[in-house]
Structures are given as structure tokens and as C-alpha cells.
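Take a moment to look over the fold as a whole before turning to single residues. The paragraphs that follow move from the overall picture to some particular places in the chain.

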Amino acid sequence: MKTMRDGNQRNFFSTCILLIVNIVYSRETSHHPRFHSESASQKPHIIFIVADDLGYNDVSFHGSDQIPTPNIDFLGYNGVILNNYYVSPICTPTRSALMTGRHPIHTGMEHNVILGTMPYGLPLNETILPQYLNQLGYQSHMVGKWHLGMFKWEYTPLYRGFKSHMGYYQGSEDYYTHTYERSLDEWGLDFRRNKDLLWNCTGQYSTTLFRDEAVRIIHEHNVSEPLFLYLPFQAVHSANKNGINLQAPKSYINKFSYIENEDRRIYAAMVSALDDAVGDVYDTLNSHGMLANSIIVFTTDNGGPANGFDHNAANNFPLRGLKDTLWEGGVRGVGLIHSPLIVRQGYVSNKMLHVCDWLPTLISAAGGEHLLDNVTSLDGVDAWEMLSHDGEAVRSEMLHNIDPLVGKAALRVGDYKLLVGAIKLNYGQWYPPYQMSGDEINLHYLNFTDDATLRESVRMIDYRQRLSESYKAFWPESVKGRLLQLYSFAERSDLYTGPYARLSHELNDDARITDPFEDVGHQKSINSDLSFETKKNLGHEGKKFDYSVLSSLGGTPVTVDCGPKPKNASSNCNPMVYPCLYYIPSDPCEYNNIAQNNSEIVVTMLKRLSEYAAFMVPPANKPYDPQGNPRFHDGAWVPWK
């Protein structure tokens, strides 16, 4: 089998790419806030939060008025928003890159994800982030999803540097029963504290459980020692495919009655519960005296599964594509870093950053550069100086992926992006967020056709636009209250120096603070035109949330401007026939394939791609092993070898 994979790899990248080539031819270091003291207590606490399957258009700091995320927004606006940040297109590869600082093509994690009884995992010869940090005196704890192998105990978190782990090993599960279904014949509990299964958490929402565990760890932590808390939430991944796919507490769902589409409404509730959990972690760091010496990273693991993909309702609009694709919607990630230790705060970084850069960056921030002196295999680069000072760029290219089993690859060099091979064209469209009932059916269909006769009317398109512009008026009152709380704290403290750390004088009007709703009657621009169902779901009886106060809190959302979409946007690229080339700064939505007029750039990038391919390792994927079926292990997913 290994020989066959090697052969597939050679065939694809020594013949396919070369054939295409032939066709084309006919650091300010003195003020660096590192921690060089031998005392472990002076090293920063590191809180690394991962949202699972969060889409680019699912946070309000990216302009999503459907779903307010006040806590995540606060971290971004008063830290560094990463606007040129990339992850792998799917879960296991991203988590492997994060943990190792190496690209998945160098660890065998480049193809798909680990599922069910597949007997493989992140290679044991890889030293991962907690193992490095432990050498610097860190106490490393993990709460949440692993998804890097569990067929043997040696592949699980406690054997790879973590002192404790509460969570699950597989890629998804039910939020309340905590069971994972690989198929109808392979189903069982996948929830544990350390090595012990937790059978008594049924009915408890996983986001709440993970929040409580993270809060407990911080509360009980000895602040004289540096903490590394890895917090990969289950949210907002869909649950088991044969169960209830999207799940959230009713109290959260009710907050979003203004979103008529049920799937998107529940998804918004899932995001909101995640955002509140992030806020609780932040508050606990503060109350325990750790915030001033903490670094918080927030990232998604891949683009959102939009348009019903994976039974989800995430959204990446206006980016092209979605999870498990190499389009921007699959690899351009939601990301930020927040820390009072950052020298320049409150800015948007447009410098290139890849998920594998986190390992050397965080080790550098902890004063552990010497640990990497003799490590020559890293693909990640140290970006701490760049991020802390808004310094010089540390990378000018990045490989999105090479998958020899499927025969596809994507590469970014400078401002150009190249796609080649079996790129998913069927999920390579532009998917707006669900709004009204039936969108999960109608929009799914409309987004797969270029037939002009099947498109929505101009009136309906205009209606959707006006509806989207009204969402912010119906945000839950708690959003404003939380923002006021956060920014009042920022103003009182001496932790923040950025442009968004101070409250506006406009907030001195107590009436505006205590009474966020005004009786404004129906907005003729929207409400008189709303469907009965939408009016009912908005549910505020003609009262509108006074969100003018929110303009005084935080920064300006970082949005993507795609320009006009050409009529041939869906058809001008077929990477199975010829590589596709995009100039990302002016075409972030991948509308305009410019390969035909830039053959020299295409050739240069194909050669670079072949250089990466020459040193990749074969995918480590293994066939399913029936001995791992939970039916043989008392109904639970456990290591079986």
C-alpha cells in the first residue's frame, strides 16, 4: 500500500505538474517583549482557543450583523486582527500543523481527517507544542477536541505533554449525549477526563462543560508557574449526521428570533454560546490576576461548512468556497492574538501568517527560542516580533496543501495564488448566509447553477440586502451590556494602549446605557416589507435596539471587498485542465482567473510547487480497523491496540 501511495505521489507531481509546465511553455530586537528570565513565573500564560468550523462571516468583527460576537470582537479590536491568516482546509491537518509547527505534507496528515477506527495518528517522533513549553516550566492542560489519533494510548493528549485532558478524541459528536457516530454500526461514548470515561455528563451542553473546565483550571492554577491552556471547543461543528445536526440551549436560540431560517438561528446560538465562553475565560484570567501576563490566541481550524455542507449553516461570504476546499473560503481563517504584552495594540495585520507559525511564535514569546536552535524541520516561522510591534513580514509564501491521493494542490507566493488538479468546483461557489425559511433548500440549489432563469428576482435580492442591514437593530440587549462592561474595564485598567481601549464621552448619557430600546415604530424601509414570519420572529413589537451606542465601542469591522462579480466567475477556472491563478489583494473572492495572461508566473509557481512535492511524505491514512468498533469496548470509543 505504501508503494502505491508513493507511486501516486510521483505520478501526480512528476508527470501532471511537469506536463502542465510544458503546456504553459507551447526583527527591532532591543525592545522585544520576550521573557529571558530563568524564573518560570515571568513567562506569559498562553491560552490557545480553537473554534471548530467557524466561518469567515460568522464573527461581527468581520462584519457579520447576523451574529454578534462581543467578546471575540473585544479581543480582536484590542489585540491584533489577523487579516492575512491561513489554516488548512480541514480539521486534522490544521491541528497537526498547530501542534508541530510543520506542514501536514511533512507529517503525513495532508489527506482528509482521522475517522473512527482508522489506526493512525500524528507520528510519535514529532515533538509538539506542550512538550516544548513544558521544558520552559509550563503546566500544560487541554480541554476539548483532540482529533490527532487515539488507536493507541501513546497518541493521546496525556502521553504528548498535557498534564490533564477533558474532552473527546474523535472529530465530532453529539453536544449533549457526547457520543460519536462514525456510521450506524459504529457508535459510542467519546467523552473523558484524562483516561476515565465520563458517563454522567449526558444532557449537559459541551460548550458549557468545556467553559467550566477551563475556568476551573485557571482558578486552581498556581500563578507562580506559567500556564498553557489549549482550548479547542466542539463548537461550532455539526453533531452526528444521523442525529440533530445543529444543537444549542433553548435560551440561546431564543436570542436570535430575528433570524427566520431555523438552521442559521441555531447556528447563531452555537456561536453566541462559544463567544460567551470566551468571555468567561477572559474574565477568569482577570479575576485570578493572570490577564496582564497572558497571551490569548483565537483561531478557527478551517473555513466554515457553508450551504449545508456537513449538515451545517456556517458562512464565509463573500469568500469563495467552504470547508474542505482550497478556495479562500476553505483556508482563510478567522484569527486574532490578544495580549497586554503586545507593544502595538488595536491594529489589523495584513502580513501573511500560517497556522504552523504558532509553535515557533509562542515559544519565542515564552523566551524559548533556544529550544528550536537545532530543529531544522520546522515549516513555521517566528512571528512574535512582527505581531507585537507590527514589524516586518516574516513570510512571503505558504503552501495551502498538496494531496497526492486526490491529485490537487494550492500555493500562495507573494500576492498570487495558484490552484491545480481536482479542486472542488461543485463547492467552489459564493454562498450567502441563510436568512429566510427554506434557504437551506433554495439557496443550496441556486448556488449550484449559473442558469439566469433560476436566479432570484431583483426585488428579492434587494429585500435580502435590506433585511441583512436591519439585523443589528435586533441584537440581544446583553450584547450592549457586555460591550459596556468590557470597555469600562479597559478604560479603568492600564493594560491597553490601543485606539479602541477608551470609552467615548457619548456614553455619559445614563438613559442610553440603561434603556437600549427606543419605541421607534415600524421602520418603513424594512418592516413594512417584511414577511409575516420574519416580523413574528423579530418579536420586538416595533421596538428597535438603539445600537448607535455600539459605534463608540470597538473598531471598524474588517470586511472583504470583492468588487463586481463577472458573469464568467464560475466558469473561467478549470484546474483539471489548466492551473488557475488569482491576484488575492484585489481579488480576494477569486472571481478573475488570470492564468492565461500570466504564464511566466504560473510556470514559476508550478516549479515551486514541485519543489514542495519532492520532499513531502506519503499520507499516513490507514483503512478502518473493525476491532476499534465501540461494540467491542462496552459502547465507548477507546484505544484498542
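A residue is called buried here when its relative accessible area is under 20%, exposed when that area is over 50%, and partly exposed in between. With this in mind, the helix α3 is a good place to begin in this predicted model, since its buried residues are C91, T92, P93, T94, R95, S96, A97, L98, M99 and T100. That makes 10 of the 10 residues of α3 buried, so the helix is largely enclosed by the rest of the structure. What do the buried residues of α3 pack against? They pack against β1 (45-51), α4, β4 (139-145), β10 (227-232) and α9 (358-365). Just after α3 comes G101, which takes a positive phi of about 75°.

From this one helix we can step back to the whole chain, which has 16 helices and 20 strands. Of its 641 residues, 61% are buried. The accessible surface of the protein chain comes to about 24300 Å², and carbon and sulfur atoms account for 50% of that surface.

The loop between α3 (91-100) and α4 (129-134) holds H106, a residue that counts as buried because its relative accessibility is 17%, and the cut-off for being buried is 20%. Which residues is H106 in contact with, if its neighbours within four places in sequence are left aside? They are E126, D379, F615, M616 and V617. The loop between α3 and α4 is also where N112 is found, and N112 has a positive phi of about 60° although it is not a glycine. With 35% relative accessibility, N112 counts as partly exposed. A positive phi, near 55°, is also found in N194, again a residue other than glycine. N194 has its place in the loop between β8 (192-193) and β9, and at 27% relative accessibility it counts as partly exposed.

Aromatic rings offer another way to read the structure. A pair of such rings is described by the distance of the centres and the angle of the planes. The structure holds 24 aromatic pairs. In one of them, the rings of Y176 and Y205 have centres 5.3 Å apart and planes at 40°, so this pair is tilted. Y176 lies in the loop between β5 (164-168) and β6 (179-183), while Y205 lies in the loop between β9 (196-197) and α5 (206-220), so the pair ties together parts that are 29 residues apart in sequence. Is each of these two residues buried or partly exposed? Y176 is partly exposed, with a relative accessible area of 23%, whereas Y205, at 4% relative accessibility, counts as buried.

Another pair is formed by Y258 and Y471, whose ring centres are 5.8 Å apart and whose planes stand at 45°, so that this pair too is tilted. The pair links distant parts of the chain, for Y258 is in the loop between α6 (250-253) and α7 (262-287) and Y471 is in the loop between α12 (458-470) and α13 (477-492), 213 residues apart. Both Y258 and Y471 are buried. Elsewhere, ring pairs link F48, Y85, W146, F162, F228, Y230 and W358 into a cluster. Rings can also have a charged group over them: the charged end of R182 sits over the ring of Y624, 3.8 Å from its centre, and the charged end of R320 sits over the ring of W327, 3.9 Å from its centre.

We turn next to the largest pocket, which has a volume of about 1400 Å³. It is lined by 39 residues, and those closest to its centre are F317, W430, P432, I461 and Q465. α11 (439-446) and α12 each supply at least two residues of this lining, and the largest share, 5 residues, comes from α12.

One of the residues closest to the centre of the largest pocket, F317, leads to a detail of the backbone, for the peptide bond from F317 to P318 is cis, with omega near 10°. P318 has its place in the loop between β11 (294-300) and α8 (328-331). A cis peptide bond also joins A235 and V236, where omega is about 10°, and V236 lies in the loop between β10 and α6.

How values were computed
Residues are numbered from 1 along each chain as its sequence is written. This is a predicted model: local features need pLDDT of at least 70, side-chain atom pairs count only at pLDDT 80 or more; totals for chains, interfaces and linings use all residues. Side-chain values use heavy atoms; hydrogens and water are left out. Helices (H or I, at least four residues) and strands (E, at least two) are DSSP runs, numbered from the N terminus. Buried means under 20% relative accessible area, exposed over 50%, partly exposed in between (1.4 Å probe, protein chains only). Accessible areas come from the Shrake-Rupley method with a 1.4 Å probe; for residues, only the protein chains shown count as cover. Rings of Phe, Tyr and Trp (its six-membered ring) pair if their centres lie within 6.5 Å; planes under 30 degrees apart count as stacked, over 60 as edge-to-face and the rest as tilted. A charge sits over a ring if NZ of Lys or CZ of Arg is within 6 Å of the ring centre and within 35 degrees of the ring normal. Contact means heavy atoms within 4.5 Å. On a 1 Å grid over the protein atoms alone, a cavity is a set of points where a 1.4 Å probe fits but cannot get out, and a pocket is an open set with protein on both sides within 12 Å along at least five of seven lines; lining residues have an atom within 4 Å of a point. Grid points are joined across faces, edges and corners, and a volume is the space filled by probe spheres set on the points.
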